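Please open the model in your viewer and keep the sequence panel beside it, since each stop below begins with a selection to make.

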Amino acid sequence: MLQTMNPNKALWEKGDFTRIAATMRASGEALVNSLGVRRGLKVLDLGCGDGTTAIPEARLGADVLGVDIAGNLVEAGRRRAAAESLSNCRFEEGDASNLDALATLVAQILKTSSAYSPPPPEGFVSPMTWGVESHVEERFGKAGVPREKISFARDTYLFEFPGTPAAFVAEFRNYYPPTMNAFEAARGNGRQDELQRELEHLFEAQNTAEQRDATRIPATFLRVTVSV
Ligand SMILES: C[S@@+](CC[C@H](N)C(=O)[O-])C[C@H]1O[C@@H](n2cnc3c(N)ncnc32)[C@H](O)[C@@H]1O
């Protein structure tokens with residue numbers, strides 16, 4: 001039988017997302033601290049990556065299951081949990097079908113990248129739509145969740161990188177799968193310098209760090225709370 005690789009899995013196992021996740025740890029922890037996670041709570045962290053939020057959830061005593069489609073990130077999460085002896089933090093490989101958190105910077109990187117990439121396969125649902133309230137309502141509606149059970153808040157995430165915005169672009173170019181793909185496609189038609197300049201311009205414009213040689217980029221995301 002012909003085995004086909006899930007395209008999402010192929011995408012996220014490319015490069016090394018842990019390099020980007022390393023710049024988001026403080027915000028991940030702050031987000032978790034704002035959620036009222038407490039000892040014994042059962043938490044399912046879907047699309048958990050290498051545990052930016054799963055690890056802080058477990059530190060607070062929750063019983064955490066992190067699920068991610070990328071085997072390398074599941075392994076990285078397991079190593080991080082083991083390093084802290086967090087036996088209440090398990091990581092498993094699995095497909096959550098497009099559940100994702102959305103950051104503005106990431107939306108803009110993906111928008112820029114898509115202009116340089118071949119069109120996505122038919123039926124592809126952009127993860128960006130999880131940042132649009134009407135789409136979220138429609139999806140939960142189809143699962144039988146009424147509008148009044150869903151609440152939304154705009155929140156902010158911080159990328160913190162110990163280097164210039166251009167060096168941070170290089171991290172995305174070398175390790176962040178969607179950006180790696182965009183550069184590969186751009187290389188094919190000689191547009192990689194253009195893509196590099198466009199991303200550097202974006203990162204520089206969004207950088208709020210006061211020190212030289214540091215990058216601090218706030219990115220908004222949609223926090224969705226569903227009461228069941
Ligand atoms: C932008 S990363 C965010 C990771 C993590 N939540 C964090 O805050 O660092 C998106 C993650 O979603 C995972 N992912 C993408 N599609 C998925 C799917 N269908 N099922 C499970 N995980 C998925 C990727 O492997 C990746 O780890």
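The tour goes through salt bridges, then cysteines, and then two helices.

Before selecting anything, note that this is a predicted model, in which local features need pLDDT of at least 70 and side-chain atom pairs count only at pLDDT 80 or more, whereas totals for chains, interfaces and linings use all residues. Residues are numbered from 1 along each chain as its sequence is written, and side-chain values use heavy atoms, with hydrogens and water left out.

**Salt bridges**

Begin with K9 and E13, whose closest N and O atoms are 2.6 Å apart in a salt bridge; the term stands for a side-chain nitrogen of Lys or Arg within 4 Å of a carboxyl oxygen of Asp or Glu. Colouring the two residues by accessibility separates them, for K9 is buried at 17% relative accessibility, while E13 is partly exposed at 26%. Here buried means under 20% relative accessible area, exposed over 50%, and partly exposed in between, computed with a 1.4 Å probe on protein chains only. Add E93 to the selection, and you have a network of salt bridges that links K9, E13 and E93. In total, the structure holds 15 salt bridges.

Next, select R147 and E137, whose side chains meet in a salt bridge with 2.6 Å from N to O. R147 sits in the loop between α7 (133-142) and β4 (150-161), and E137 belongs to helix α7, so this pair ties together parts that are ten residues apart in sequence. Helices (H or I, at least four residues) and strands (E, at least two) are DSSP runs, numbered from the N terminus. R147 is partly exposed, at 42% relative accessibility, and E137 is likewise partly exposed, at 26%.

Then move to E160 and R216, a salt bridge in which the closest N and O atoms lie 3.9 Å apart. This pair links distant parts of the chain, with E160 in strand β4 and R216 in strand β5 (residues 215-226), 56 residues apart. E160 is partly exposed, with a relative accessible area of 33%, and R216 is partly exposed as well, with 37%.

**Cysteines**

How many disulfides should you expect to find? The structure holds zero disulfides, a disulfide being a pair of cysteine sulfur atoms within 2.5 Å. Select C48, and you will see that its nearest cysteine sulfur, which belongs to C89, is 7.9 Å away. C89 in turn is in no disulfide, and the nearest cysteine sulfur to it is that of C48. C48 is buried at 5% relative accessibility, and C89 is buried at 7%.

**Helices α8 and α9**

Now select E171, which lies in helix α8 (residues 165-175) and is buried, with a relative accessibility of 11%. Which residues does E171 touch, not counting those up to four places away in sequence? Show R19, I20, F161 and Y176 as sticks, as these are its contacts, where contact means heavy atoms within 4.5 Å.

Finish at helix α9 (residues 177-188), whose twelve residues reach 17 Å from the first C-alpha to the last, close to the 16 Å expected at 1.5 Å a residue. That expected span is 1.5 Å times one less than the number of residues in the helix. Highlight its buried residues, which are P177, P178, T179, M180, A182, F183 and A186. Following the chain onwards from α9, stop at G190, whose phi is positive, near 70°.
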